[in-house]
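Please work through the exercises below with the sequence and the model open beside you. Each task is followed by a solution that goes step by step.

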Amino acid sequence: MTGEVALRSVRMLGDRAGEAEILESLGKAKVQSGAVREGIGYHRTALSIRRDLDDLPGTLSSVNALGLAFLRRRDLDDALHCFEEARDIAGRLDSDYWSAVSTTNIAQVHLDAGRWAEAERRLRWALEVYRVIGDRICEGDCLHGLSGALRGQGRFTEALEAIDHALTLARADEYPVAEALWLVESARVQCGLGHPDHALTALQRSATMQRRFGDRVREAVALDVTGEAYTQLGRHEDATRFHRMAVSALRDAENPWLLATALTNLARALRGSGAVEDAREPALEALTLLEAFNDPAAETARAQAADLAADKA
């Protein structure tokens, strides 16, 4: 691996700043590939070096990257702690950009926990900053989050406007990594508006792009949401097939939350097809995985899984 070779080289030279930079790069690559625990190890080592060097901008970068890794596996408290430290450092550096990025990431923690209004408040503040400084990709990322916050509050028309704008920015700036991720949010909004057929088009493109990028976890999410769209269409056998693919991919990832979500969706599709007894096993597995989480969204997820696990037609 090129990164590992470079890491050995800078360590031989005693270049600690270079070592931290390579460690952060390796950490991001590991997180993207689904090896989140290993990625967190790299990020922690990079952060330790940068603290030792009193490298404040580097510390900001490392602590933000570490927070994103925690967010990937839904360690919300650890992620929030990192992003709040990043925001504090951004204030000391007088960086509008990093203040907005850290605020956006704090909002994402609230989104994942189901605190929609709090997420919306922070995202609207960050959105204004991005527009002032002219960062279109970060503006799009913020609009992506804002769509989720609005969708969570049942404001689907507003959500569609936000995510459509985000996708326009991604395509105009030729940023396919963002487009692939944001297409899943677009699909979720379309499902909320009662258009699962439109959602399927976006999801097929997203899954194909994620496969090309090598992001197995995000591809699995696109597959899982595809199953949800088929369930909404009443095509339960198709839904079951896509949820099974998502579950299979997520078993190799370190993300119990996403696995629990896919298992719950699989149980729902199986019940919809009349296979009530077959639905109990994935629902019970989901319940076991969800024991690790204690936020409002997790409580809702547990209630759904418990209902699907119940021995009733």
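Two residues are in contact when they have heavy atoms within 4.5 Å of each other. The model used here is a predicted one, and residues are numbered from 1 along the chain.

**Exercise 1. State where Ile22 lies, how accessible Ile22 is, and which residues beyond its neighbours within four places in sequence Ile22 is in contact with.**

Step 1: Ile22 belongs to helix α2, which covers residues 16-33.
Step 2: The relative accessibility of Ile22 is 18%, and because buried means under 20%, Ile22 counts as buried.
Step 3: Once the neighbours within four places in sequence are set aside, the contacts of Ile22 are Gly3, Ala6, Leu7 and Val10.
Step 4: For a distance across the model, take Asp141, which is 119 residues from Ile22 in sequence and, C-alpha to C-alpha, 25 Å from Ile22 in space.

**Exercise 2. Locate Asp55 and describe its exposure and its distance from Ala17.**

Step 1: Asp55 sits in the loop that runs between α3 (36-52) and α4 (56-72).
Step 2: With a relative accessible area of 26%, Asp55 is partly exposed.
Step 3: Asp55 and Ala17 are 38 residues apart along the chain, and their C-alpha atoms are separated by 8.7 Å.

**Exercise 3. Describe the chain as a whole: which elements does it contain, and how does its radius of gyration relate to the globule rule?**

Step 1: The chain contains 16 helices and zero strands.
Step 2: The radius of gyration is 20 Å, close to the 20 Å given by the globule rule for 313 residues, so the chain is as compact as a globular protein of that length.
Step 3: Taken along the principal axes, the C-alpha atoms fill a box of roughly 65 × 40 × 35 Å.
Step 4: Of the 313 residues, 52% count as buried, and the accessible surface of the chain comes to about 14500 Å², with 49% of that surface belonging to carbon and sulfur atoms.
Step 5: Among contacts in the chain with a separation of 6 or more, 55% are accounted for by residues 24 or more positions apart.

**Exercise 4. Explain why Cys142 does not form a disulfide in this model.**

Step 1: The structure holds zero disulfides.
Step 2: The closest cysteine sulfur to that of Cys142 is in Cys138, at 8.8 Å, which is too far for a bond because a disulfide needs the two sulfur atoms within 2.5 Å.
Step 3: As for accessibility, Cys142 is buried, with a relative accessible area of 1%, and Cys191 is also buried, with a relative accessible area of 13%.

**Exercise 5. Trace the salt bridges made by Glu120 and by Glu179, and give the accessibility of the residues in each pair.**

Step 1: Side chains of opposite charge can pair when their charged atoms come close. The structure holds 26 salt bridges.
Step 2: The side chain of Glu120 meets that of Arg124 in a salt bridge of 2.9 Å, N to O; both residues lie in helix α7, four residues apart, which is about one turn of the helix.
Step 3: Glu120 is buried at a relative accessible area of 10%, whereas Arg124, at 36% relative accessibility, is partly exposed.
Step 4: Glu120 and Arg124 also take part, with Arg155 and Glu158, in a network of salt bridges.
Step 5: Glu179, which counts as buried at 6% relative accessibility, has a salt bridge with Arg171 at 3.0 Å, N to O, and Arg171 is partly exposed, with a relative accessible area of 43%.
Step 6: Glu179 also meets Arg205 in a salt bridge of 2.9 Å, N to O. This pair links distant parts of the chain, since Glu179 is in helix α10 (residues 176-192) and Arg205 is in helix α11 (residues 196-213), 26 residues apart.
Step 7: Arg205 is partly exposed, with a relative accessible area of 42%.

**Exercise 6. Identify the residues of the nonpolar surface patch that includes Val132, and place Val132 in its helix.**

Step 1: The patch is made by Tyr97, Val132 and Ile133, and covers about 290 Å².
Step 2: Val132 is found in helix α7, residues 116-133.
Step 3: The relative accessible area of Val132 is 72%, and because exposed means over 50%, Val132 is classed as exposed.

Notes:
This is a predicted model: local features need pLDDT of at least 70, side-chain atom pairs count only at pLDDT 80 or more; totals for chains, interfaces and linings use all residues. Side-chain values use heavy atoms; hydrogens and water are left out. Buried means under 20% relative accessible area, exposed over 50%, partly exposed in between (1.4 Å probe, protein chains only). Patches are made of residues with over 30% relative accessible area and no salt bridge: like charges are joined within 9 Å, nonpolar side chains (Val, Leu, Ile, Met, Phe, Trp, Tyr) within 5 Å. Accessible areas come from the Shrake-Rupley method with a 1.4 Å probe; for residues, only the protein chains shown count as cover. A salt bridge is a side-chain nitrogen of Lys or Arg within 4 Å of a carboxyl oxygen of Asp or Glu. Helices (H or I, at least four residues) and strands (E, at least two) are DSSP runs, numbered from the N terminus. The radius of gyration is taken over C-alpha atoms; the globule rule is 2.2 Å times the number of residues to the power 0.38.
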